[in-house]
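The questions below ask why certain labels are used for this protein, and each answer sets a value against the criterion behind the label.

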Amino acid sequence: MKRSVAILLSSAMALSIYTSMPALTSAAASSQSAVQSTGQIVAGVNLRDKPSLSGKVIGSLKKGTPVQILEQSNSYFYKVKDAGGNVGYVSAAPKYITVNGTASAPGSAETKQSGRVIYGVNLRTAPSTSGKIITMLKKGTGVTILEQTNKSFYKVKSDSGLTGYVSSSSKYIEITKGGASQGNGGSSAPAPQPSIPANIKQQVDKVIQTGKQYMGTPYEFGSNRNTTATFDCSDFVKHIYKKALGITLPSDSRKQGAWIKENSQPVYRISDLKAGDLVFFMSYKGSSASAYAGIDRDKERITHVAMYIGDGQLLHTYSVKSGGVRIDKFDGSWERRFLYGGSVLK
């Protein structure tokens, strides 16, 4: 009798487990379909509580850590979930993370993303700079992002119906969702200035005030780094950061640009710059916008560095004729020559 009862109980339990399995399987499938793509950390990176360098660091992901990419929150950060269930934001820079795209990579058709060209960019027949150029998409051109083919290229369809591949660099294209721009170019309202933590703002203000003390100091190319009688562009920004905060930057503008890429998060939209950021420029090619159309900015050399001081202004020095250290509006040819910028402070 006891044996019969045991058999009946076992059968009932097995039936209960069996009938509940479809629901469990369905839930798991639903959870997995919500994941847009997978990725892997390729260099140690901070996990933050919001998609910004001002976000609080809540952890660190080591090289080789697999993650689920839940969304591309903006041009510079992914929202991710690690194997331990921790959710946060990490840099989207390829030096920190690779996207595997086992479901659908950010920017694929399944995410229903669209984009807008913010600098003239070539539309190519293949996802590589060796791909044949179909045409150049002008600034302001709307595109549908069909997929992120690799870490450097989107497959897109232009608003005129042309399909091809464009650079996925945020200096050329901004991602929009539901018609709302994530950058400055597609919004009817001006983008708010990026916020700066109070402790960093104090340091930035000190650097700016230090720089203003040298207004009118004569320009000299290759100036003596041991005096303040004259400055060239890189000598000037190096000196004011050293004097104000004791931070030693490289001696020339190209090395300073490389330093920003290695030690900070470069930004490619003027609207993303913060006061105190170093700003890098290509050589002057003319005063009209057409003189800069279609330029491959990845291949341009840095020929000038300035410091952005907020409110659309640059503090810098660039020629004897200009009068030495001065403040200029960040517009005209300065805007067209802009390559990228970035913060010295973290």
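**Labels and the values behind them**

Q: Which residues does Ser-253 touch, not counting residues up to four places away in sequence?
A: In this predicted model, Ser-253 touches Ser-234, Phe-280, Ile-302, Thr-303, His-304 and Val-305, once residues up to four places away in sequence are not counted. Ser-253 itself is found in helix H4, which covers residues 253-263.

Q: Why does Ser-253 count as buried?
A: The relative accessibility of Ser-253 is 9%, and buried means under 20%, so Ser-253 falls within the buried class.

Q: What makes Glu-300 partly exposed?
A: Glu-300 has a relative accessible area of 24%, whereas buried would require a value under 20% and exposed a value over 50%, so the label that remains for Glu-300 is partly exposed. Glu-300 lies in the loop between S16 and S17, and, leaving aside neighbours within four places in sequence, Glu-300 is in contact with Met-282, Lys-285, Ile-295 and Leu-339. In the case of Leu-339, the two residues are 39 residues apart in sequence, while their C-alpha atoms are 8.2 Å apart in space.

Q: Why is the aromatic pair of Tyr-308 and Phe-330 called tilted?
A: The ring centres of Tyr-308 and Phe-330 are 6.2 Å apart and their planes make 55°; rings pair if their centres lie within 6.5 Å, and planes under 30 degrees apart would be stacked while those over 60 would be edge-to-face, so this pair is tilted. The structure holds ten aromatic pairs.

Q: What does the pair of Tyr-308 and Phe-330 tie together?
A: Tyr-308 belongs to strand S17 (residues 304-310), and Phe-330 to the loop between strand S19 (326-329) and helix H5 (332-337), so the pair ties together parts that are 22 residues apart in sequence. Both Tyr-308 and Phe-330 are buried, and ring pairs link these two with Phe-281, Tyr-318, Trp-334 and Phe-338 into a cluster.

Q: How do you know that Lys-261 lies over the face of Tyr-340?
A: Lys-261 is placed at 4.6 Å from the ring centre of Tyr-340, and the distance criterion asks for NZ of Lys within 6 Å, together with a position within 35 degrees of the ring normal. The charged end of Arg-297 likewise sits over the ring of Tyr-119, at 4.1 Å from its centre.

Q: Why is one side of S19 and of S20 left without a neighbour in the sheet?
A: The open sheet has five strands in the order S19-S18-S17-S16-S20, with antiparallel pairing. S19 and strand S20 (338-342) stand at its edges with a single partner strand each, so one side of each is left without a neighbour in the sheet. Neighbouring strands of this sheet are turned by 35° against each other on average, direction ignored.

Q: How do you know that S16 and S20 pair?
A: Strand S16 (residues 278-281) and S20 run antiparallel and are joined by four bridges, where at least two are needed for a pair. One example of a bridge is that of Val-279, whose partner in S20 is Gly-341. Helix H2 (residues 198-212) packs on the sheet, touching S17, strand S18 (313-316) and S19, and the direction of H2 makes about 120° with that of S17.

Q: What makes S4 a partner of both S1 and S5?
A: Four bridges join strand S1 (residues 37-41) to strand S4 (residues 66-72), and five bridges join S4 to strand S5 (residues 77-82), so both pairs meet the requirement of at least two bridges. Both pairings run antiparallel. Gln-40 stands opposite Pro-66 in S4, and Gln-68 stands opposite Lys-81 in S5.

Q: Which residues touch the most other members of the largest nonpolar core?
A: Of its 30 residues, Phe-236, Tyr-241, Leu-278, Phe-280 and Met-307 touch the most other members. H2, helix H3 (233-245), S16, S17 and S20 each supply at least two residues of this core, and the largest share, six residues, comes from H3. A second, separate core of 26 residues includes Leu-137, Val-143, Tyr-154 and Ile-173.

Technical notes
Residues numbered from 1 in each chain as written. Predicted model: local features only at pLDDT ≥ 70, side-chain atom pairs only at ≥ 80, totals over all residues. Heavy atoms only, no water. Phe/Tyr/Trp six-rings, centres within 6.5 Å; stacked < 30°, edge-to-face > 60°. Buried < 20%, exposed > 50% of the residue type's maximum accessible area, 1.4 Å probe, protein only. Axes fitted to C-alpha atoms, helices over the stretch in contact; angles between N-to-C directions. Contact = heavy atoms within 4.5 Å. Core = buried A, V, L, I, M, F, W, Y, C linked by side-chain atoms within 4.5 Å.
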